[in-house]
Amino acid sequence: MRRKKSRLVLRKRAAPGTAPGLLVADPTAAATTVAAIGYGPDRPGQGLDEVRNVEPTALSKLDPRGGVRWVDVVGLADHAAIQAVAAQFGLHPLAVEDITNTHQRPKAEVYEGHLFIVFRMVNANGPVEGEQVSMVVGRNWVLTFQERPGDCFEPVRERLRQGRGRIRQTGADYLAYALLDAAIDGYFPVLETMGEAIETLEDSVVTDPDRRQVEELHHIKRDLLVLRRAIWPLRELLGALLRDETSVVTATTRPYLRDAYDHAVQLMDIVETYREIASGLLDVYLSSQSARLNEVMKVLTIIATIFMPMSFVASLYGMNFDTTHPFNMPELGWPFGYAFALAIMAAIATALLWWFKRKGWLGDGKGG
Amino acid sequence: MRRKKSRLVLRKRAAPGTAPGLLVADPTAAATTVAAIGYGPDRPGQGLDEVRNVEPTALSKLDPRGGVRWVDVVGLADHAAIQAVAAQFGLHPLAVEDITNTHQRPKAEVYEGHLFIVFRMVNANGPVEGEQVSMVVGRNWVLTFQERPGDCFEPVRERLRQGRGRIRQTGADYLAYALLDAAIDGYFPVLETMGEAIETLEDSVVTDPDRRQVEELHHIKRDLLVLRRAIWPLRELLGALLRDETSVVTATTRPYLRDAYDHAVQLMDIVETYREIASGLLDVYLSSQSARLNEVMKVLTIIATIFMPMSFVASLYGMNFDTTHPFNMPELGWPFGYAFALAIMAAIATALLWWFKRKGWLGDGKGG
Amino acid sequence: MRRKKSRLVLRKRAAPGTAPGLLVADPTAAATTVAAIGYGPDRPGQGLDEVRNVEPTALSKLDPRGGVRWVDVVGLADHAAIQAVAAQFGLHPLAVEDITNTHQRPKAEVYEGHLFIVFRMVNANGPVEGEQVSMVVGRNWVLTFQERPGDCFEPVRERLRQGRGRIRQTGADYLAYALLDAAIDGYFPVLETMGEAIETLEDSVVTDPDRRQVEELHHIKRDLLVLRRAIWPLRELLGALLRDETSVVTATTRPYLRDAYDHAVQLMDIVETYREIASGLLDVYLSSQSARLNEVMKVLTIIATIFMPMSFVASLYGMNFDTTHPFNMPELGWPFGYAFALAIMAAIATALLWWFKRKGWLGDGKGG
Amino acid sequence: MRRKKSRLVLRKRAAPGTAPGLLVADPTAAATTVAAIGYGPDRPGQGLDEVRNVEPTALSKLDPRGGVRWVDVVGLADHAAIQAVAAQFGLHPLAVEDITNTHQRPKAEVYEGHLFIVFRMVNANGPVEGEQVSMVVGRNWVLTFQERPGDCFEPVRERLRQGRGRIRQTGADYLAYALLDAAIDGYFPVLETMGEAIETLEDSVVTDPDRRQVEELHHIKRDLLVLRRAIWPLRELLGALLRDETSVVTATTRPYLRDAYDHAVQLMDIVETYREIASGLLDVYLSSQSARLNEVMKVLTIIATIFMPMSFVASLYGMNFDTTHPFNMPELGWPFGYAFALAIMAAIATALLWWFKRKGWLGDGKGG
Amino acid sequence: MRRKKSRLVLRKRAAPGTAPGLLVADPTAAATTVAAIGYGPDRPGQGLDEVRNVEPTALSKLDPRGGVRWVDVVGLADHAAIQAVAAQFGLHPLAVEDITNTHQRPKAEVYEGHLFIVFRMVNANGPVEGEQVSMVVGRNWVLTFQERPGDCFEPVRERLRQGRGRIRQTGADYLAYALLDAAIDGYFPVLETMGEAIETLEDSVVTDPDRRQVEELHHIKRDLLVLRRAIWPLRELLGALLRDETSVVTATTRPYLRDAYDHAVQLMDIVETYREIASGLLDVYLSSQSARLNEVMKVLTIIATIFMPMSFVASLYGMNFDTTHPFNMPELGWPFGYAFALAIMAAIATALLWWFKRKGWLGDGKGG
């Protein structure tokens with residue numbers, strides 16, 4: 001049930017001081033495949049043509065008339081292919097570097113002729129740090145670059161294919177919104193899983209405090225930090241897109257972008273709430289532990305305090321003084337000496353029990 | 001006395017990536033009923049006509065001349081009815097989606113021709129997360145959409161019916177204010193209940209620290225987080241309405257809106273104060289526990305420290321060395337050997353008690 | 001010495017949803033009396049006429065020529081009188097509601113023709129939440145509404161009567177400033193008392209940690225929260241008055257208002273410093289407790305660790321094995337068996353004491 | 001080595017409600033002396049004339065032609081002299097009140113014709129709250145008012161006397177900067193002393209946790225709060241001077257003022273860093289204490305757990321049952337009964353030691 | 001593996017109050033060497049000439065035509081050389097003072113004709129506070145001043161020498177960017193090392209809590225504070241450069257500067273994340289300790305609670321009452337008295353074990 005531990009150390013692959021725009025090979029990167037979808041009212045094929053495993057250089061053959069092209073590059077191993085795509089659409093060298101360096105902070109940057117957006121996409125079953133998606137939005141085209149196969153854009157592709165909703169009638173900016181919104185929506189199930197884990201801990205930490213819960217809590221707080229690091233700048237970039245009067249986002253798409261922004265704000269809200277609850281749970285754990293310790297110590301103290309004086313009395317009458325001398329332990333020779341000793345012990349025990357009772361130590365085990 | 005535990009996990013019902021504006025059926029939603037009130041100086045029926053269980057399509061028959069219409073939709077199960085109402089008043093598809101998706105963050109959004117406001121309404125007896133109310137304010141109409149029957153708008157309806165105050169003479173914006181203000185007022189009793197719970201804990205946590213108080217405190221802090229998540233954006237949206245020169249809010253209504261804003265600020269103040277006091281109480285609890293533990297350990301230490309040496313002396317004279325040898329435990333043969341042993345024990349006890357006294361351990365049980 | 005515990009729950013008396021501007025009777029409100037002072041260079045009676053227990057309706061008889069009128073209403077029980085005063089000076093209904101509802105957050109609001117200010121006035125001997133004062137400032141009049149008899153305005157009245165300072169030569173805005181400044185000055189003695197309490201705790205928490213100090217600290221932190229809730233918005237409202245180019249505040253009065261603002265900032269500074277010191281004291285308390293526990297446990301451990309092995313040896317030679325068998329406890333028959341046993345015990349005690357010494361446990365009782 | 005404890009309670013001497021601008025006698029104020037320096041290219045005496053113990057009324061005799069006058073008033077007891085100086089330079093009454101009331105928050109205020117600045121000056125050997133310095137900057141004069149003799153302006157006087165640097169060629173604003181900068185520089189040695197105290201604690205708190213370190217830490221945190229209360233508004237006032245286009249600060253002096261501002265920012269940086277490290281040290285202390293307690297308890301537990309069963313066995317064979325009955329303690333009569341008993345005890349001890357070993361409790365004393 | 005402890009106390013060498021612009025000799029400063037590189041399309045030597053150990057006065061001989069000059073001064077001991085360089089490029093006296101005083105807060109300041117930037121450069125093997133680098137950027141020249149030999153600018157020099165990338169074709173502002181970017185890149189390996197140390201601690205603190213981990217954590221948090229003090233203002237200064245429309249930064253270089261800014265933001269992100277995780281680890285440590293203490297105390301309590309009553313029974317029958325009296329310890333004479341006593345003891349032990357079992361104390365050693 002525990003998801004893979006998120007990476008804390010994000011290795012920047014380029015050596016310090018190398019020229020910007022230089023692409024450094026990443027041996028763990030996935031193989032590159034390119035797919036493209038073109039759509040629009042005036043296009044052939046019921047307004048949509050889709051190709052997979054397209055050669056980067058063949059992209060220009062996609063009919064550009066009157067429609068929107070979405071080129072989706074998956075896997076970042078083949079730098080030549082990425083460079084080819086980038087060259088074809090005139091990307092800035094820094095944008096290309098950011099695409100291949102997968103530890104970018106989510107951001108939106110305006111270059112001449114295109115808008116460059118980086119964000120992270122999570123998956124309910126994958127690691128909590130997700131994968132980096134770079135998106136470039138031009139006048140009538142959208143490029144996306146993903147780290148690995150498998151994404152949350154499939155519903156958008158389906159909507160495009162089936163012509164559902166308004167997506168086929170709108171421009172590149174609406175497609176960009178749709179993809180961003182799909183990525184944002186992908187965070188909700190991840191947070192839900194965490195919320196459930198927290199609720200489970202909330203119950204168990206009180207009834208049965210256990211060291212492993214602290215570990216669990218630490219991992220949840222850590223994952224929430226990782227998520228916050230992805231969501232906070234995502235919110236910022238959406239807010240910046242809304243405020244900026246960039247030519248790329250049309251007035252029609254603006255309310256939808258605002259809706260996506262609201263969702264990002266809501267995500268941050270949930271993350272912060274979860275973090276506060278998780279912190280509170282640690283306090284609950286510590287006070288549960290402290291209450292348990294008190295309880296344990298009370299048991300020890302009561303037992304020791306009652307039996308130590310009684311044992312002392314018993315030891316006393318176990319001494320071997322010569323009782324032929326009249327002042328040496330005359331009690332031993334009394335006919336009811338044993339009863340006398342037992343009575344003393346019983347009196348001690350009773351007095352102490354009464355004292356503990358009065359102090360409230362013989363409680364109901366509620367641990368105070 | 002404990003209210004129902006608030007939900008931490010807010011399930012977003014639409015699958016990630018679905019088209020915006022798409023309404024997803026919620027099997028737990030309450031059945032939809034529509035009520036409408038029209039009023040204004042020029043209207044028939046002493047300036048007010050009210051209908052209940054009106055057909056959505058029949059809304060247009062309400063006489064729109066020179067007055068204000070308030071359409072109140074309760075229960076979000078019947079999407080067709082909601083769509084019908086929305087169509088009639090020209091709502092934006094995103095607004096309609098937000099109405100039916102009941103996990104919105106409170107917000108105000110300006111669409112062409114109408115203002116869309118979402119907030120949460122709590123009830124002193126219900127769950128602390130309350131229910132979502134969506135309100136759309138047009139030039140001379142107000143729509144409200146509630147999750148469940150039962151609301152805090154009844155006093156507003158009464159004021160409309162009886163023509164008390166200025167409400168019948170004013171426009172749609174004043175009605176919107178009145179409804180918002182009623183919802184804000186509804187938070188005060190909820191917070192009062194919490195304040196009382198905190199005051200009760202304040203007394204008991206000192207006199208009788210108990211593990212269950214930590215649980216109680218955790219639940220209060222959690223509920224305060226839930227309330228803050230509802231009130232903070234509510235304050236923000238009221239502030240935005242005040243700052244924005246939207247055509248919807250008239251100059252006459254503005255001071256009233258500012259008053260509502262002040263109340264929201266006051267709510268946030270109270271929530272923050274309660275949160276700080278609750279956090280402080282946890283510290284008081286922990287230090288009470290720690291003081292108790294010290295007290296328990298002092299009792300144990302005093303008893304053990306006094307009786308261990310005494311018991312040792314008793315054990316010593318319980319040894320069975322052959323006393324026929326003159327150096328083997330000659331004390332046993334002394335005529336006052338027993339008195340000698342008792343005197344040693346008494347001396348040990350007295351010395352230790354004096355030492356404890358000097359250290360201040362034989363205190364007044366105040367737990368220091 | 002402990003002041004009355006401040007109220008956490010502020011009851012809002014009007015039921016949720018009632019019309020704004022509606023006054024709700026408060027059975028605990030003090031009886032209403034009205035006093036008035038008129039002054040100015042051109043006025044009769046050496047430029048000052050003062051009346052007490054004036055009928056609200058008789059206020060108009062006060063000569064308004066060329067001077068300033070200050071009407072002081074004390075006690076909020078008589079709504080009719082308050083309404084009469086309000087009507088005479090043309091107050092906004094919302095201002096009247098705020099005057100009688102004594103749980104307002106301090107604020108300043110500009111209505112047409114008058115400035116409405118609410119703040120709280122504390123008293124060194126009274127409860128820390130003080131009482132609400134509402135002040136309305138017009139072109140040449142000032143109204144004040146207080147909850148209870150007794151205020152900190154007497155020195156202002158004296159200055160008016162004796163014509164000391166510039167107060168008799170200036171306008172209504174300067175009088176408003178003088179009253180605000182008197183209220184702000186009233187916070188300093190209250191904070192001084194708290195500062196003294198904190199300094200007392202600072203000494204005692206280290207020398208003699210005691211559970212009651214935590215309670216005391218909790219009450220101080222709570223009172224500081226209550227004060228902050230009064231002072232923070234007071235500072236805000238003064239800042240807003242300074243920034244706003246309201247016609248009410250003249251250029252001559254502005255530097256004085258800035259001075260009052262500086263005092264409010266200083267108050268906030270002190271409150272925040274006290275809060276941090278109080279939080280720090282709790283840490284000192286907890287670490288003192290923890291050090292004490294360590295000391296107690298060390299005593300117990302040392303005593304138990306020394307006497308347990310010694311008692312064991314004594315018990316060993318108290319066994320009753322049949323010594324006629326040569327291997328059964330031959331020590332008992334040795335001529336120096338007793339000395340041998342004592343030597344073993346002494347050796348054990350010495351070795352352990354040396355070990356404790358080396359570990360630094362036989363310290364100087366400094367509790368580390 | 002410990003500096004005097006800083007005062008927490010700042011007594012405001014004027015009674016609440018007294019007129020602004022009223023000077024209240026402070027019996028503890030130092031006697032007033034006035035010194036003056038005039039300089040400038042055109043002045044006689046090599047461009048500098050300096051007088052000490054000048055009569056306030058004689059100030060006008062200082063030659064004002066073409067130069068800058070610096071009047072330095074030390075000791076605030078003689079209100080008449082202060083008023084005389086103030087009158088001669090046309091100070092605002094509120095400025096005069098702030099000069100004599102020595103608990104001002106650092107601030108800069110623009111009055112007509114002069115700039116009024118209040119700040120605090122510390123001294124490495126004096127109390128950490130230092131003394132208040134009020135500075136008034138006019139077109140070609142600077143007034144300073146200090147609480148006590150002894151200041152950090154001596155190097156500035158030397159530079160004036162020796163004509164070093166640019167100070168003799170520049171205006172009043174540069175002199176004001178030079179004095180401010182000298183006061184700011186005075187904070188660095190104070191913070192250095194604190195930094196050294198913190199570094200000393202950093203070492204000792206780990207090797208030898210001791211209750212007195214918590215006290216020491218508390219005092220350091222308290223002193224840092226006092227310093228922050230002086231430095232934070234100082235930074236603010238310098239920032240405000242930089243932003244404001246006041247006529248007093250010339251373009252030539254502006255870069256120097258920016259430099260002073262940078263130093264104030266650096267001071268705040270250091271204060272905040274020290275505060276965080278001091279807070280962290282408390283955590284280190286608490287965890288050291290907790291580790292020590294664990295160690296102590298492990299020793300106790302190991303000893304008790306080993307000797308209690310062994311003592312029990314010894315007690316068992318110390319019972320006095322009548323061994324003539326064959327089932328009553330036949331072990332006592334066994335030829336190797338003693339060896340048997342010792343073997344049992346050894347077995348118990350060995351088993352427990354093995355168990356503790358496996359649990360890792362017989363560690364290296366590292367306190368885990 | 002532990003890097004050298006960072007210095008907390010930054011000694012400001014100039015005495016308080018000395019004239020600004022005065023250079024104070026630092027006996028520990030490294031010897032000064034000057035190197036220079038000139039490049040540009042029109043320059044001889046394939047567009048690049050590089051000289052080392054150049055005389056400061058000989059700098060003017062570098063051919064200034066149509067290219068960019070980078071003068072790199074390493075070691076700050078020789079003030080005369082620094083002054084000579086500064087004079088040649090017309091630096092402001094305050095800039096020169098900041099260059100030689102190596103405790104500047106990172107900042108960017110605009111002087112007439114040049115931009116002055118101070119930042120800190122770290123090295124994966126050196127101390128975490130790194131060294132100060134001052135950079136002055138003119139129209140076609142860049143000066144850098146470093147504290148010590150060894151820097152992270154070597155890759156930039158290589159790029160210049162080999163003419164790789166765009167660096168040879170661009171102006172002084174791009175060179176300044178390239179140097180800043182190299183310094184920023186240098187922080188990443190330092191943070192990576194810290195991240196690895198934190199990940200190591202994350203594992204060990206749970207499995208084997210140990211007092212030394214707290215020390216380690218304290219040092220990590222301290223180093224992070226030092227890094228934050230360098231990175232935060234670095235981010236600020238880059239942001240200010242981006243916002244300011246300074247003539248020095250050209251439009252072509254601006255996107256690169258924005259990229260450097262993004263990297264600084266990312267560094268701050270990592271620092272803050274690490275700080276939060278380190279704080280969380282302390283909580284994990286404390287709760288691990290607390291769980292361990294509970295476990296230890298449970299073992300002690302169980303053993304003591306079982307053996308104390310059993311030992312008491314044994315002591316009881318070890319008493320020496322005269323059994324000739326029929327009521328004195330008749331059990332001793334019973335034929336099965338021993339068995340009876342053993343049975344009682346077994347019953348006690350069984351009952352207590354059952355009770356502990358029910359309380360859940362005989363757990364799985366998971367430490368709750």
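How many Å separate the centres of domain 1 of chain A and domain 2 of chain A? In this predicted model, the answer is 75 Å, taken over C-alpha atoms.

**View 1. Chain A is split into two domains.** Domain 1 runs over residues 33–285, and domain 2 picks up at 290 and goes on to 359.

**View 2. Here chain D meets chain E.** Chain D brings 63 residues to the contact, and chain E brings 55. On chain D's side, α3 (154–162), α4 (172–207) and α6 (254–316) each chip in with at least two residues. The top contributor there is α6(D), with 32 residues. By type, chain D's side breaks down into 26 nonpolar, 20 polar and 17 charged residues. Only 13% of the interface residues of chain D are also interface residues in chain E, so the copies meet through different surfaces.

**View 3. This one looks at the two chains as rotated copies.** Turn chain D by 72°, with 0.1 Å of shift along the axis, and it superposes on chain E with an RMSD of 0.1 Å. The two copies are thus related as by a five-fold rotation axis. Within chain D, the residue that comes closest to that axis is G318(D), its C-alpha at 4.7 Å.

**View 4. L179(E) sits in the largest nonpolar core.** That core holds 440 residues, and L179(A), L179(B), L179(C), L179(D) and L179(E) touch the most other members. Leaving out residues up to four places away in sequence, L179(E) touches M135(E), T144(E), F153(E) and V156(E). Another core, of 110 residues, lies apart from it; among its members are A341(A), V313(B), L316(B) and M310(C). In soluble globular proteins, nonpolar side chains tend to be buried together.

Note on methods
Residues are numbered from 1 along each chain as its sequence is written. Chains are lettered from A and ligands numbered from 1 in the order in which they are written. This is a predicted model: local features need pLDDT of at least 70, side-chain atom pairs count only at pLDDT 80 or more; totals for chains, interfaces and linings use all residues. Domain bounds come from an automatic or database domain assignment. Two residues are in contact if their C-beta atoms, placed from the backbone, lie within 7 Å. Helices (H or I, at least four residues) and strands (E, at least two) are DSSP runs, numbered from the N terminus. Ala, Val, Leu, Ile, Met, Phe, Trp, Tyr, Cys and Pro count as nonpolar, Asp, Glu, Lys and Arg as charged, and the others, Gly among them, as polar. A nonpolar core is a set of buried Ala, Val, Leu, Ile, Met, Phe, Trp, Tyr and Cys residues joined through C-beta atoms within 7 Å. A residue is buried if 20 or more other C-beta atoms lie within 10 Å of its own, exposed if 12 or fewer, and partly exposed in between; C-beta atoms are placed from the backbone. Copies are superposed by least squares on the C-alpha atoms of residues with pLDDT of at least 70 in both.
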